[in-house]
Amino acid sequence: MAGDLVDRREARRSAAAGAPAELAASPYRADRDRIVASPFFARLGGVTQVVSASGSGLLHNRLTHSLKVAMVARGIVERIAGSAEAGPVLDKLGGCDPDVVEAAALAHDLGHPPFGHLGERVLDRLARRRFQLPDGFEGNAQSFRIVTETDTRGPDGRGLDLTAAVRAAMLKYPWTRLSYPRPHPRTMPVPPRGAAEPPDEPGSGSSKFSAYVTELDDMVAAREPFAGRIAGWQQTVEAAVMDTADDIAYAIHDLEDFHRIGVLQHAAVAAELSRWLAHALELAELSDAELAAQARRPGRSLEALRRRLHRRDAWVADDEAFVAAVATVRAELVDELLATPFDGSVEAEQAIGRFSARWTARLVDGIGVVLDPPTRSGHVLLAPARWHEVQVLKFVHKRFVLLRPDLALHQRGQARLLTRLVEALDQWLGDRDEADRLPRRLHDLAALAEAEYAGLAAAAPQALIGATGEIPSGAALRELAHGRAVIDFVASLTDSQATTLLDALSGRTSQPWSDAFVL
């Protein structure tokens with residue numbers, strides 16, 4: 001790799017004196033150490049991965065998930081770096097360093113709020129509708145905001161001051177919600193994965209994005225070393241590795257927990273997959289309306305998935321590969337792992353271990369690097385057969401866990417909790433008589449956001465236009481900043497902290513509360 005590119009990849013934002021001493025000689029290992037030492041990273045041990053541990057007893061959390069993503073990501077790098085064909089391609093695209101990938105994997109979920117993806121949806125709704133924040137809330141963008149702004153462990157007290165390469169590798173969706181880059185990826189004939197607007201919210205911007213407008217300059221600076229090597233909307237190779245590793249970990253490792261506690265029922269999963277395999281040709285002849293009317297019958301949900309893949313990912317969707325993937329998942333997940341209920345024995349734990357190790361190796365071995373990928377893929381991608389297997393595994397995860405009615409009941413309570421907590425903190429922040437008694441962290445976040453939004457109002461006012469269509473100023477601008485501060489504050493809590501803090505604000509507990517309660 002050319003020396004100039006190496007220097008730009010290793011560049012940090014801060015030139016402040018008094019930078020902390022590093023244990024690692026490599027700048028990327030130093031980044032990894034900064035991330036692991038961050039209290040935001042430690043917090044992930046108390047943040048839901050898929051379902052709240054307190055509600056369902058699942059074992060994974062965002063911390064264990066991040067560690068497994070990092071493990072898979074390093075395995076991917078070692079595989080592609082050892083390929084004679086991939087080496088020249090990696091150099092042309094800006095390089096692929098295992099320490100960069102590991103650091104990005106460890107940091108990718110720092111911004112996940114309490115209660116998993118449910119919390120993300122609730123905070124996004126509140127940010128856009130209650131506070132009129134055009135950016136709303138997005139977990140990936142919040143992670144980037146933490147490492148560039150709200151963490152305070154860097155030498156100048158702003159973020160972690162990570163290298164450009166690691167910051168760029170965190171950018172799964174390298175665009176803002178609405179305004180950058182131009183033309184925006186959501187307007188492309190085939191938008192990149194995550195860039196399209198939600199069909200039920202036209203005009204709301206991309207459903208996934210990796211930076212708020214407040215961190216736009218940081219995103220642009222992080223990607224500058226890769227200019228001319230990748231398109232403005234494409235992931236860096238290191239970001240693509242991290243993204244693929246996240247998909248693999250999500251598809252495999254969460255199933256371990258679901259099996260352990262009996263959430264994945266053999267009979268239901270077997271009926272869905274077996275019925276589709278036995279009647280695939282008949283199901284393919286049903287109209288979309290007929291299929292929707294029969295949605296509760298076995299095999300119909302899998303047929304709906306097959307059709308969605310063809311509509312959304314025509315570049316890779318293939319019926320023969322889909323049939324083979326369903327047959328493989330039925331044989332190895334349903335007929336092998338789920339056939340015997342988990343009883344906590346050594347034999348049962350070994351069965352889970354074999355399943356996880358076999359599938360992780362299988363998927364990692366199916367990864368390649370391409371110079372000119374399809375729009376909906378990165379430069380690092382799974383072979384078609386492995387890609388279809390991941391889609392079927394994720395289908396099982398969604399259809400037989402996330403759509404369970406008992407989970408919906410639990411999550412409605414969590415959504416109400418987060419809504420009330422945001423409302424209570426917003427009222428407190430707006431109470432002038434109580435301003436001196438605010439939690440210091442909330443006070444500092446409000447000051448940070450006020451400075452950021454004042455700067456945007458002066459330099460890029462169009463970025464602040466929200467639902468009203470007007471550029472905010474004065475009190476309206478201050479309300480935007482306060483809204484962002486409240487969202488930042490709540491997003492920094494663990495599941496149990498959010499619950500306990502609402503109890504305190506509601507007078508339901510006499511336990512004292514202090515600023516040490518949050519990050």
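## A walk through the model

Start by selecting Pro183, which sits in the loop between α10 and α11. Helices here are DSSP runs (H or I, at least four residues), numbered from the N terminus. The peptide bond leading into Pro183 from Arg182 is cis, with omega near -10°. Now step back to Pro181, in the loop between α10 (164–169) and α11 (216–223). The bond from Tyr180 to Pro181 is also cis, and its omega is near -5°.

Before moving on, a word about what's on your screen. This is a predicted model, so local features need pLDDT of at least 70 and side-chain atom pairs count only at pLDDT 80 or more, while totals for chains, interfaces and linings use all residues. Residues are numbered from 1 along each chain as its sequence is written, and side-chain values use heavy atoms, with hydrogens and water left out.

**Two residues with positive phi**

Pick Phe115 in the loop between α7 (98–107) and α8 (116–129). Phe115 isn't a glycine, yet its phi is positive, about 70°. Is Phe115 buried or exposed? Phe115 is buried, with a relative accessible area of 5%. (Buried means under 20% relative accessible area, exposed over 50%, partly exposed in between, using a 1.4 Å probe and protein chains only.)

Next, click on Asp161, in the loop between α9 and α10. Its phi is near 55°, again positive in a residue other than glycine. Asp161 is buried, with a relative accessible area of 5%.

**Into the core**

Select Ile76, Val241, Leu264, Leu273, Leu333 and Val380: these have the most contacts inside the largest nonpolar core, a group of 93 residues. Such a core is a set of buried Ala, Val, Leu, Ile, Met, Phe, Trp, Tyr and Cys residues joined through side-chain atoms within 4.5 Å. Which helix gives the largest share of this core? Show α12 (residues 237–260), which supplies 11 residues.

Zoom in on Ile76 and look for its contacts (heavy atoms within 4.5 Å). Leaving aside residues up to four places away in sequence, Ile76 touches Val241, Thr244, Ala245, Ile248, Val364, Ile367 and Val380. There's also a second, separate core of 47 residues, including Leu126, Phe209, Ala449 and Leu464.

**A cavity and one of its walls**

A cavity is a set of points on a 1 Å grid over the protein atoms alone where a 1.4 Å probe fits but cannot get out; lining residues have an atom within 4 Å of a point. Grid points are joined across faces, edges and corners, and a volume is the space filled by probe spheres set on the points. There are four cavities of 30 Å³ or more, and the largest has a volume of about 70 Å³.

To find that largest cavity, select its lining: Phe40, Arg43, Leu110, Gln142, Ile146, Thr150, Arg441, Leu445, Asp488, Ala491 and Ser492. Helix α9 gives the largest share, three residues.

Stay on Gln142, which is part of helix α9. Gln142 counts as buried because its relative accessibility is 3%. Not counting residues up to four places away in sequence, Gln142 touches Gly111, Phe137, Tyr212, Arg484, Asp488 and Ala491. Try a distance too: the C-alpha atoms of Gln142 and Asp109 are separated by 8.7 Å, though the two residues are 33 residues apart along the chain.

Note on methods
On a 1 Å grid over the protein atoms alone, a cavity is a set of points where a 1.4 Å probe fits but cannot get out, and a pocket is an open set with protein on both sides within 12 Å along at least five of seven lines; lining residues have an atom within 4 Å of a point.
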